[in-house]
Amino acid sequence: MTAAQFPILILIIPLLAAFAISLFGGRRDKLAYGLLLAAMSGSFYAALQTLLLVLETNIPIHYRLGGWAPPYGIELVIDHLNAMVLCLVSGCALLTAIYSLPTVRAEIPDRIHHYYTLYCLLVTGLAGMVATGDAFNLYVLLEISALSSYAMLARGRGNAYYATFKYIIMGTIGACFYLLGVGYLYIKTGTLNMADLFRLLAEEEMQQSITIRIGFILIMIGIWIKMAFFPLHGWLPNAYTRASTTTSCLIAPLMTKVSVYIMLRLMFSVFSVEFVYGVIPWHEQIVWLASLAIVAGSISALAQRNLKKMLTYIIVAEVGYMVGGAWLANESGLAGTVYHILSDALMTLALFMAVGAIIHKTGKSSFAAMEGIFRKMPVTSAVFVLGGFAIIGIPPTCGFFSKWYLIRGGIETGQWLFVGALLFSSLINAIIFFRLIERAYFGDLSGHGHGPLPERDEAPAVMLVPMVVTAAALVIIGLYTSEIIGRIVLWTIPAGL
Amino acid sequence: MADFLPYIVAKYNYWAALVLLLIGLYGMIAKNNLLKKVIAMSIFQSAIILFYVSMGDKKGSTIPILLHGHGEHGALAIDPSQYANPLPHVLMLTAIVVGVSTLGVALAVLQKIHRVHGTIEEDEILESIEE
């Protein structure tokens with residue numbers, strides 16, 4: 001096996017594992033679990049090697065599928081931005097895979113291998129969306145990941161079916177809008193390869209074309225629906241809240257972040273900086289909308305009394321951070337967005353894992369589950385606190401640094417509304433998390449303070465290890481911020497910004 | 001109005017796709033019955049498939065198969081202006097598969113909804129959730 005094959009291995013390994021698990025995984029749960037772990041480790045290793053290769057040479061990797069030269073063949077293009085996101089996708093998938101066994105056994109006891117098959121297909125779709133350099137290929141992989149996520153979300157509790165149905169309708173509208181937009185681009189240019197589209201769309205005639213503008217708007221609306229950008233976020237909170245623990249740990253951090261990546265990819269690798277900020281004169285209004293998303297998401301999160309639902313509204317606010325940062329049209333804002341993709345995926349993962357462990361152990365998902373949790377589950381609550389600190393933006397967690405770049409971008413462009421929204425959201429997050437930490441540490445102050453102290457009842461080790469790794473990554477990435485910004489993030493800033 | 005009619009007639013395939021698209025979008029948003037929403041979703045997807053397929057077609061063109069490749073009409077379908085662009089058609093084969101899978105998942109979920117809530121009317125489901 002040569003190093004040249006690593007880009008395709010990132011997606012091929014989970015795809016083949018999906019077949020293997022559905023064929024052989026039914027015999028024993030442990031076999032399905034082992035195959036899943038092997039596939040995710042292989043995919044993560046390939047992603048890591050690809051990232052190292054890109055960092056070493058500092059030029060994008062072009063992988064031609066079947067040896068067909070673009071623009072006729074499909075190619076995978078891996079540069080700094082998607083090498084980082086690929087590592088993030090396969091890394092989060094590996095950590096969630098390790099974490100999954102106890103909760104999947106408790107929640108979906110009968111068809112573990114089917115569930116793990118869907119898991120592999122979802123990871124294939126997400127990694128493929130990130131790696132591909134073809135606009136139509138992106139649509140197909142978008143639908144692969146969407147279809148497997150519908151099936152995974154539907155295996156939740158309560159009225160998961162109804163929430164999933166709404167997601168199917170919204171997700172299909174989003175994907176179809178994207179497809180329609182790509183059709184507009186195809187009519188004008190006759191190509192679907194992203195690099196080829198970029199070359200053709202740079203021409204003056206294309207820059208002025210109404211068709212191209214409408215195509216761009218349709219694509220953006222489609223992706224905003226997919227990433228649950230306010231006010232198109234209605235489907236997300238219910239679908240993610242009702243999902244089973246592992247499903248929400250896998251989908252909540254990755255799905256929205258991959259959509260943000262796709263938005264950046266299309267803005268700068270298909271369209272250009274001049275087109276996105278110059279020809280479409282709306283970037284200030286989109287930043288206002290993003291500020292509104294942040295404020296609305298934060299206030300809705302504050303109003304929740306269910307742990308998971310609260311986290312889903314925080315995701316809605318975080319999507320506002322990233323969309324706003326990308327449309328600030330300056331270097332700091334964009335660097336903040338790229339860095340926030342990394343840090344937000346990890347902090348969401350840490351929080352969903354910790355909350356999942358708490359729900360798994362206590363059987364409750366309301367705030368009451370947090371009472372006395374510090375004594376019962378010390379490690380889990382430490383991870384929860386660290387994840388909360390990252391969301392609030394307390395140094396040295398990585399959440400502080402991404403927020404710092406976003407705020408700097410807002411100040412440099414004079415977008416005070418966006419800066420205000422970011423600070424407001426930090427304040428609200430501080431209230432949310434310190435209220436929970438207080439409950440977790442002191443228990444219910446109003447009630448019976450002299451009852452028997454709760455016994456120590458920690459989550460099993462397979463759940464604790466990935467949680468601790470994620471929480472450690474939050475701090476380590478925070479400490480190495482300048483290296484990550486210099487070696488990866490600054491390379492992703494397109495020329496001309 | 002006199003200018004507008006030829007404009008519609010000249011691009012009638014796009015107008016037809018647009019009308020179907022809007023019917024589908026309206027159905028998905030406004031209908032109360034979930035099965036009708038699924039039907040509207042299918043109409044919506046079919047509209048996009050028609051849009052793609054019609055853009056590949058040309059006036060008086062044939063199918064993109066090398067007809068009479070070795071005979072005296074050897075040049076019949078080699079010139080790109082004489083056959084329909086096959087690429088959008090091939091793309092839509094994939095989109096049809098995606099559409100059918102989405103429809104399948106949606107119907108399966110709908111069946112489960114009916115089993116849990118006993119109805120597929122959206123307002124009745126919302127009432128039963130609130131109780």
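In this predicted model, helix H2 of chain A is followed by Asn58(A), a residue with a positive phi, near 60°. The helix that precedes Asn58(A) covers residues 29-57 and lends itself to a simple check of length. Its 29 residues, taken at 1.5 Å each, should span 42 Å, and the C-alpha atoms at its two ends are indeed 42 Å apart, so expectation and model agree.

We turn next to the place where the two chains meet. Here 21 residues of chain A are in contact with 25 residues of chain B. On the chain A side, two helices each supply at least two of the touching residues: H5, which runs over 135-154, and H6, which runs over 160-189. The most generous contributor is H6(A), which gives 13 residues to the side of chain A that touches chain B. Sorted by class, that side holds 16 nonpolar residues, along with four polar ones and one charged one.

Within chain B, Ala17(B) offers a helpful local view. This alanine sits in helix H2 of chain B, which comprises residues 12-30. Ala17(B) has 23 C-beta neighbours inside 10 Å and therefore counts as buried, the cut-off for that class being 20 or more. When neighbours within four places in sequence are left aside, the contacts of Ala17(B) are Ala47(B), Leu50(B), Phe51(B) and Ser54(B). A further distance links Ala17(B) to Ile43(B): the two lie 26 residues apart along the chain, and their C-alpha atoms are separated by 10.0 Å.

Definitions and conventions: Residues numbered from 1 in each chain as written. Chains lettered and ligands numbered in written order. Predicted model: local features only at pLDDT ≥ 70, side-chain atom pairs only at ≥ 80, totals over all residues. Contact = placed C-beta atoms within 7 Å. Helix = DSSP H or I, 4+ residues; strand = E, 2+ residues; numbered from the N terminus. Nonpolar A, V, L, I, M, F, W, Y, C, P; charged D, E, K, R; others polar. Expected span 1.5 Å × (residues − 1). Buried ≥ 20, exposed ≤ 12 C-beta atoms within 10 Å, placed from the backbone.
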